[in-house]
Amino acid sequence: VKQQDGSVMPHVNFILPVTLLTPICTYLENLKVLPAEEALKRLTEELRFSAANEEEQGLWRLETETLELPSRMLARKRHALLRLDQFQKEAQEEVDRLQREVDDS
């Protein structure tokens, strides 16, 4: 089975209920007795009743669920901000130390 993005899911098995094939069988029988355009029109009408709902369409399209993964960029930004705070504290401590040395002398 191929997904929309082209990736392959090798072990997926879909089961289609046999009752959903009834409109196709009816269409093939209608082709024997009706003009092709009329048989196709009836097939379209019959298939409308067994159309997949939104959830089922998502299953058939094999849409991937969005993953809420942590942002590497956000983690790097947080780390950088923490380091800046640390550098600022260290710089202030150094200024305070130098100020005390000046005051003591």
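A residue is called buried here when its relative accessible area is under 20%, exposed when that value is over 50%, and partly exposed when it falls in between. By this rule, 8% of the 105 residues of the chain count as buried. The model is a predicted one, and what follows leads through it from the whole chain to single residues.

The secondary structure of the chain consists of 4 helices and 0 strands, so that the pattern read along the sequence is α-α-α-α. The accessible surface of the chain comes to about 9900 Å², and 58% of that surface belongs to carbon and sulfur atoms. As for how parts of the sequence meet, among the contacts in the chain with a separation of 6 or more, 42% are made by residues 24 or more positions apart.

A good place to begin is helix 1, which covers residues 22-33. At 1.5 Å a residue, its 12 residues should span 16 Å, and because the C-alpha atoms at the two ends of helix 1 are 17 Å apart, the model agrees with that expectation. The buried residues of helix 1 are Pro 23, Tyr 27 and Asn 30. Seen down the axis of helix 1, these buried residues fall within an arc of 65°, and therefore they line one face of the helix. The background to such a pattern is that an α-helix has 3.6 residues a turn, so residues three or four places apart point the same way. Part of what covers the buried residues of helix 1 is helix 2.

Asn 30, in helix 1, shows this in more detail. Its relative accessible area is 12%, and because this is under 20%, Asn 30 counts as buried. Once its neighbours within four places in sequence are left aside, Asn 30 is in contact with Ala 39 and Arg 42.

Arg 42, one of these two contacts of Asn 30, also takes part in a salt bridge, in which its side chain meets that of Glu 38 at 3.3 Å, N to O. Both residues belong to helix 2, which covers residues 36-49, and because Arg 42 and Glu 38 are 4 residues apart there, they are separated by about one helical turn. Arg 42 is partly exposed, with a relative accessible area of 35%, and Glu 38 is likewise partly exposed, at 29%.

The count of salt bridges comes to 4, and another of them lies in helix 1, where the side chains of Glu 29 and Lys 32 meet. The distance in this salt bridge is 3.4 Å, N to O. Because Glu 29 and Lys 32 are 3 residues apart in helix 1, about one helical turn separates them. Glu 29 is partly exposed at 47% relative accessibility, whereas Lys 32 is exposed, with a relative accessible area of 64%.

Further along the chain, helix 4 covers residues 72-104 and holds Arg 97 and Glu 101, which are 4 residues apart and therefore separated by about one helical turn. Their side chains meet in a salt bridge of 2.4 Å, N to O. Arg 97 counts as partly exposed at 33% relative accessibility, and Glu 101 counts as partly exposed at 43%. Salt bridges that share partners join Glu 94, Arg 97 and Glu 101 into one network.

The surface also has a nonpolar side to it, in a patch of about 650 Å² made by Leu 16, Val 18, Leu 20, Leu 21, Ile 24, Leu 28, Leu 31 and Leu 47. Helix 1 gives the most to this nonpolar patch, with 3 residues. One residue of the patch is Ile 24, whose place is in helix 1. At 37% relative accessibility, Ile 24 lies between the cut-offs of 20% and 50%, and so it counts as partly exposed.

The last stop is the segment before helix 1, where Thr 19 lies. Thr 19 is exposed, because its relative accessible area of 61% is over 50%. Although Thr 19 and Ser 50 are 31 residues apart along the chain, their C-alpha atoms are separated by 9.4 Å.

Definitions and conventions. Residues numbered from 1 in each chain as written. Predicted model: local features only at pLDDT ≥ 70, side-chain atom pairs only at ≥ 80, totals over all residues. Heavy atoms only, no water. Patch = residues over 30% accessible without salt bridge, like charges linked within 9 Å, V, L, I, M, F, W, Y side chains within 5 Å. Areas by Shrake-Rupley, 256 points an atom, 1.4 Å probe, with all protein chains shown as cover. Buried < 20%, exposed > 50% of the residue type's maximum accessible area, 1.4 Å probe, protein only. Contact = heavy atoms within 4.5 Å. Expected span 1.5 Å × (residues − 1). Arc of directions from axis to C-beta.
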